[in-house]
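The following account leads the reader through selected contacts of a protein structure, from ion pairs to the packing of helices.

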Amino acid sequence: MSASNEAFRTCDVTGFRVHRPAEWLIRVNAVAAVVCVLIGGIYGLLVALTRWPAVHLLDAAWYYRALSGHGLNMLIFWIIFFEVAGLYFGSAVVLNSRIAAPKVGWLAFILMVAGALLVNVSILRGKADVLMTSYPPLKAEPMYYLGVILFAVGALLAVILFFATLVVAKREKTYQGSVPLFTFGLTAAAIIAIFTLAHGAAIYVPTFLWSIGLLPGIDPAIYRTVWWGLGHPSQQINVAAMISIWYLIGTLTVGSKPVNEKVCRGAFLLYILFINLASAHHLLVDPGVSSTWKVWNTSYAMYLAVVASMIHAYTVPAAIELAQRRKGYNKSLFEWLRKAPWGNPAVAGMALSVFVFGFLGGLTGPILGTEQVNIIAHNTYRITGHFHGTVVGGTTLAFMALSYYIVPLIFRRQIAFPKLANLQVWLFGLGVAGLSATMMLAGSYGVPRRHWDIAFSGAPFGVEVNPAAYMWLALMGISAIIAAIGGALYCLIAVVTVFFGKRMDSPKDLTYPVSAPAPDAGTGIAPSL
Amino acid sequence: MSGKGNEKEHGIETPGTMVLVLIFLTVFAIAFLGNLKWLATAWWVK
């Protein structure tokens, strides 16, 4: 059953037929994402100002509460709400299709909002100071686990709706040839999401039953093994989505086209096949699993996933270089880079995202995932520095960069404070780069992750930490403040644009132009261009 | 973004990216070996 024409509008910028129910679902999920990044960002600043020993802002109880809230809101709620908006955009909008079942989309949204609310209330009540991993025997109140389960069920429904929309688009022939690379990458993310959420159900449902007294206990070793089948692949959903966004931003801003579609798609396939095994690197010091299992998963399977990232590390900038050279920027090695549209925050945000993800987050991942190094680095602040490079400097910044296109195209509003938008991505990108690097440097001196007070003040025994670590922690605090200002500006710009921004009447009103395809670079994202 | 890419192109059309990737690989190698320096020490001792 196809939707009536009244249910669609034609985008005057991209030429896409936009299904209005899909547009509304994208809007509400995007707004929920911004609310979560604001809450998670406030928690994050409080955490950073506590880990800065000279400030040491919160007491121990509130520190662990804020750390739990920071992890859940940033790593789960903000990112998954944004990804769900991206899944609907990449299926219904990019494929010119109707969304398969809008009511399911709304049910998914309601479940996700209810889940996020329950978790946040539970944390604020002080009944879930269990940090994001919630390792047993730490136990939260049942409402916390119920919130996580509701959110996960909602996210699963959204992923199923994405696949259903792909089927509808194929059956109703709303596009020609293969799906675009952006949609293909999101499909990889969605497949990873399915088995990630299956792990989540396998561990959170019994943990919930334990919390209400129906199960006598949860084996901590089994919990950790299964939980990391959720914990790490969920970050790989982000990586697949982030890389899809890098390709999309290249197309939107400089008219680029992948240098080789088959290679790019093959790299996404490697993620699907190997990334779940790579989550074994979280268990390298765990006595519950054998050395053979650890070595196989982290020295073979993990490197096949890393190969995929290395392929994208070449193909993403190469596509941009090729497009720029075809526009005539051929002088010297780097004229194409110098003459990129740096005044566009999507370009600056993507470039910083590629740099921070590659040099700080990506590069350190295989190093920390090597068993010999992991013995030294496990549970130090080096790990926290690594994943702030990947999921904050990489994923979150890429999502922010794409917002400067998605918000005008979907909300039909001009971006508020465009000059501030450019400053925003630089502040956030450089702040997070500093945050990630200083966390890793402090961790290399043995500073533990998560800990409220590395000096163990008041304890009956003394712990000596190299004084250099205190300097890195101070610089970490300063970097966190810079990143928090960048994050706050993002929320301000998003809220003012969505609710008070000037309405767009024609493509000329678009704050940042959509680039025409580079010469001889194919048709680009929008055939009408 | 849709359909086929530029599969038929040949030669190094993206020298700048090649240099960036080489820089990345060099930093990667130094960082990795730096972390494994105790292994290297053990090897030299032997």
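**Salt bridges and helix packing**

In this predicted model, A:Arg98 counts as buried, because its relative accessibility is 12% and the limit for burial is under 20%. The side chain of A:Arg98 forms a salt bridge with that of A:Glu172, with an N to O distance of 3.0 Å. A:Arg98 belongs to the loop between H2 and helix H3 (102-124) of chain A, while A:Glu172 belongs to the loop between H4 and helix H5 (181-211) of chain A; the pair therefore ties together parts that are 74 residues apart in sequence. The acidic partner, A:Glu172, counts as partly exposed, at 29% relative accessibility.

A second ion pair joins A:Arg125 and A:Glu141, whose closest N and O atoms are 2.8 Å apart. Both residues lie in the loop between H3 and H4 of chain A, so this salt bridge ties together parts that are 16 residues apart in sequence. Here A:Arg125 is partly exposed, at 48% relative accessibility, whereas A:Glu141 is buried, at 16%.

A further salt bridge links A:Arg326 to B:Glu13, and the closest N and O atoms of this pair are 3.8 Å apart. Because A:Arg326 lies in helix H9 (residues 291-326) of chain A and B:Glu13 in the segment before helix H1 (15-35) of chain B, the pair joins two chains. B:Glu13 is partly exposed, with a relative accessible area of 26%. In addition, a network of salt bridges links A:Arg9, A:Glu23 and A:Arg27. Over all chains, the count comes to 11 salt bridges.

The account now turns to the packing of helices. The axes of helix H2 (residues 60-93) of chain A and helix H4 (residues 142-171) of chain A come within 9 Å and cross at roughly 15°. H2(A) is therefore roughly parallel to H4(A), since angles under 35 degrees count as roughly parallel. The crossing of H2(A) with H4(A) is left-handed. On the H2(A) side, the residues in contact include A:Leu72, A:Ile76, A:Phe77, A:Ile80 and A:Phe81, and on the H4(A) side they include A:Tyr144, A:Phe151, A:Ala155 and A:Ala158. By class, the residues of this contact comprise 17 nonpolar, two polar and no charged.

Which way do helix H7 (residues 233-254) of chain A and helix H8 (residues 261-278) of chain A run relative to each other, roughly parallel or roughly antiparallel? Their axes are 10 Å apart and the helices pack at an angle of about 170°, which means that H7(A) is roughly antiparallel to H8(A). H7(A) contributes A:Pro233, A:Gln236, A:Val239, A:Ala240, A:Ile243, A:Ser244 and A:Tyr247 to the contact, and H8(A) contributes A:Cys264, A:Phe268, A:Tyr271, A:Ile275 and A:Asn276. Nine nonpolar, three polar and no charged residues make up the contact of H7(A) with H8(A).

One residue of H7(A), A:Pro233, leads on to A:Thr196. A:Thr196 is found in helix H5 of chain A and counts as buried, at 1% relative accessibility. Apart from its neighbours within four places in sequence, A:Thr196 is in contact with A:Gly229, A:Leu230, A:Pro233, A:Ser234 and A:Ile237. The C-alpha atoms of A:Thr196 and A:Ile237 are separated by 8.7 Å, although these residues are 41 residues apart along the chain.

Key. Residues are numbered from 1 along each chain as its sequence is written. Chains are lettered from A and ligands numbered from 1 in the order in which they are written. This is a predicted model: local features need pLDDT of at least 70, side-chain atom pairs count only at pLDDT 80 or more; totals for chains, interfaces and linings use all residues. Side-chain values use heavy atoms; hydrogens and water are left out. Axes are lines fitted to C-alpha atoms, for helices over the stretch in contact, and angles run from 0 to 180 degrees between N-to-C directions. Helices (H or I, at least four residues) and strands (E, at least two) are DSSP runs, numbered from the N terminus. Angles under 35 degrees count as roughly parallel, over 145 as roughly antiparallel, 65 to 115 as roughly perpendicular and the rest as oblique. A crossing is left-handed if the near helix is turned anticlockwise from the far one by less than a right angle, and right-handed if clockwise. Contact means heavy atoms within 4.5 Å. Ala, Val, Leu, Ile, Met, Phe, Trp, Tyr, Cys and Pro count as nonpolar, Asp, Glu, Lys and Arg as charged, and the others, Gly among them, as polar. A salt bridge is a side-chain nitrogen of Lys or Arg within 4 Å of a carboxyl oxygen of Asp or Glu. Buried means under 20% relative accessible area, exposed over 50%, partly exposed in between (1.4 Å probe, protein chains only).
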